[in-house]
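Let's take a look at one helix and a handful of charged pairs. Keep the 3D view open as you read.

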Amino acid sequence: ELDESRATDDKRVSVDVQKAILLERVGQLAQSRPLLTRLARSRTTTPSQRSLCEFALGRIAWEEGDRRSAFDHYRLAISLAEGVPDPTQKCWPAISLLAALSDSSDPSALAQMLSELRWEVLKLGNAHVLAALHAHVGSMEAKRGLFNGAQSHLRRASEILATAPNV
């Protein structure tokens, strides 16, 4: 009975994490935030689940203009994802952190982070993550007035997405 109860609890936590993330994605931030916060602090969530919650909390903070909190949530999501078997889970918050920092940091300070992230994304071999990185770098370049570089990155992102199935 105890094993069955634990399996039910694990399933409930997994469902709650997905529900909270979906609420955030569809813009129901007021409903999502308390659930994500509770799950991120719960002892029953795995590091992978906590990473997903922290990433979503970072997106909420960014959306609401709380940049410092967004940075902290993204960094924690990356840290929690270090030991997760799926390396994709580390790349998404890292891309978001890079994009967020690009609004307020010296471009030369971001070079090392971009270099490391580019390597991680290339090792991953996931076309959608690579396209997202190109799109974010394109946006960063455009904000700096480097329109040729921005256009090149955005064109590359479009080319990658055109050949990658979205399933």
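In what follows, a residue is called exposed when its relative accessible area is over 50% and buried when that value is under 20%, with partly exposed in between. One reminder before we start: this is a predicted model.

**Helix α8 and its two sides**

With those words in hand, turn to α8. On the face directed away from the buried side of this helix you will find the exposed residues F147, N148, A162 and T163. Helix α8 runs over residues 147-163, 17 residues in total. From first C-alpha to last, α8 reaches 25 Å, close to the 24 Å expected at 1.5 Å a residue.

Which residues of α8 are buried? They are A150, A157 and I160. These three span an arc of only 95 degrees around the axis, which means that they sit on the same side of α8. What do the buried residues of α8 pack against? Their partner is α7, residues 127-143.

**Charged pairs**

Side chains of opposite charge can pair when their charged atoms come close. In this model, seven salt bridges are counted when the cut-off is a Lys or Arg side-chain nitrogen within 4 Å of an Asp or Glu carboxyl oxygen. Here are some of them, with the separation of the closest N and O atoms.

| Acidic residue | Basic residue | Closest N and O atoms |
|---|---|---|
| E24 | R25 | 3.5 Å |
| E82 | K90 | 3.1 Å |
| E159 | R156 | 3.5 Å |

One of these pairs brings us back to α8. Both E159 and R156 belong to that helix, three residues apart, or about one turn. An α-helix has 3.6 residues a turn, so residues three or four places apart point the same way. How accessible are the two partners? E159 is partly exposed at 40% relative accessible area, and R156 also counts as partly exposed, at 38%.

Salt bridges with shared partners also link E24, R25 and R59 into one network. Within it, is E24 buried or exposed? E24 is buried, because its relative accessible area is 9%, under the 20% cut-off. R25, its salt-bridge partner, counts as exposed because its relative accessibility is 55%, over the 50% cut-off.

That leaves the pair of E82 and K90. Here K90 counts as partly exposed, with 22% relative accessibility.

Terms used: Residues numbered from 1 in each chain as written. Predicted model: local features only at pLDDT ≥ 70, side-chain atom pairs only at ≥ 80, totals over all residues. Heavy atoms only, no water. Helix = DSSP H or I, 4+ residues; strand = E, 2+ residues; numbered from the N terminus. Expected span 1.5 Å × (residues − 1). Buried < 20%, exposed > 50% of the residue type's maximum accessible area, 1.4 Å probe, protein only. Arc of directions from axis to C-beta. Contact = heavy atoms within 4.5 Å.
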